[in-house]
Amino acid sequence: MNTIQATDQYTMKAFGRIPLVEAQGKNCTCTDENGKTYIDFGSGIGCNVLGWSNDAWVNAVCSQVQKLQHACNYYYTQPQAELAEKLAKATGFSRMFFGNSGAEANECAIKVARKYSSDKYGKERGTVISLVNSFHGRTIATLAATGQDVFHQYFYPFPTGHVFAKANDLDDLKSKLDGTVCGIMIEVIQGEGGVCALDQDYVQAIRKICDEQDIILIIDEVQTGCGRTGTFLAQEQFGVQADVTTMAKAIGGGLPIGICLVNEKCADVITPGTHGSTFGGNPVVCAGAVAVLDTVTAPGFLDSVKEKAAYLRGELEKIPEIESLSGIGMMIGMTLKTKDAHDVMVAANDAGLLVLTAKEKLRLLPPLTITKEEMDAGLAILRKVLA
Ligand SMILES: Cc1ncc(COP(=O)(O)O)c(C=O)c1O
């Protein structure tokens, strides 16, 4: 059997896959098994933040895997310590927990909010409010926290204690504050929901409510974090700092990671035995993540992301078929005038450009290391496909 046949035969049919076998890549250009090349405007849904086979990341991962590939969390490892220290300094958070995916990081965040509240107020205060149109993951609890009905099917019973408020509607959110709420969970830009940024006033008003009512503000930065929007965390551009923030995707540079970061107030909520993970904080993954973090926080890197985003957005605005752009920085949603986004994604793939969709929009999450030449090559293909 070939790769496509074997995958389709022996893996569960969870994904609507495109018949393309990615074989290898360098920066933002990937080659399939037949030698055809593609410009990457998707970075594996925001994971290959430094592109394919970035030298610093490859060296960090390869040298670590030759020394120590795994250690159980009863012991200490240098890469985990280095990542934790550097990430705490880069973000201003006090402590973190390492898992393996965005959903796991969000599970941890929900546990932190609930335990903070039950330690202090007892067990009747466990409700987590999240927003309509949000996406927080595929585990049972994170599906329950996801504000889209399409995800609330089949897998009954879902956990209770999750309610939804309309995004950017403060009155609706306030109407859900019934004294049982321990956490409010938001994405400052709803990614899977269609690359929709929240209003800054609204996010700041939520921060204020959380402060006044001792509710834990969780900001899910699984998709927005690690430089994607031009700042290390997107919340910086909204003028707020969450109590709990989750990261995944990009910080791993292409290896599985999920991180739940907490502020001083929540620093001691998780105690021995209340949470855990076998692979979380794996030394190889952490060594790679340190290389990502060092690169993204190096002087000038985030400025270059802002410049690239301005260039890309400027060029996209000139394409007649594109009605409007959404998102911030290198997280770009495009509403099309006449064409179907999924059809465009398939046509772009055929023409040698990897793009994504989010709801009815075309979506771009290019690697942050993309060059001007690669942007121009990708734009040329997109212009043709959208003509
Ligand atoms: C905002 C957000 N949260 C959580 C997740 C889930 O992450 P993972 O697929 O790593 O579990 C995603 C994935 O797209 C996401 O975009």
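**Reading a small sheet, strand by strand**

Reply: Happy to walk through this one with you; bear in mind that the model is predicted. A good place to start is a turn: β2 and β3 form a hairpin with four residues between them. Within that turn, G35 has a positive phi of about 90 degrees.

Me: What holds the strands of a sheet together in general? And in which sense do β2 and β3 run here?

Reply: Strands of a sheet pair through backbone hydrogen bonds, and the pairing can be parallel or antiparallel. In this model, β2 and β3 (residues 37–40) run antiparallel and are joined by three bridges. You can trace two of the partners yourself: C30 is matched with Y38 in β3, and T31 with T37 in β3.

Me: Which strand pairs with β1, and over how many bridges?

Reply: That is β2: strand β1 (residues 22–26) pairs with β2 (residues 29–32) in the antiparallel sense, over four bridges. For one of the partners, look at E22, which is matched with D32 in β2. β1 and β2 also form a hairpin, with two residues between them. In its turn, N27 has a positive phi of about 45 degrees.

Me: In what order do the strands lie in the sheet?

Reply: The order is β1-β2-β3-β15, an open sheet of four strands with mixed pairing. Its edge strands are β1 and β15 (353–354), each of which pairs on one side only.

Me: Which helix packs on the sheet, and which strands are touched?

Reply: Look for helix α12 (residues 372–386), which packs on the sheet and touches β2, β3 and β15. The direction of α12 makes about 105 degrees with that of β3.

Definitions and conventions. Residues numbered from 1 in each chain as written. Predicted model: local features only at pLDDT ≥ 70, side-chain atom pairs only at ≥ 80, totals over all residues. Pairing = 2+ DSSP bridges. Contact = placed C-beta atoms within 7 Å. Axes fitted to C-alpha atoms, helices over the stretch in contact; angles between N-to-C directions.
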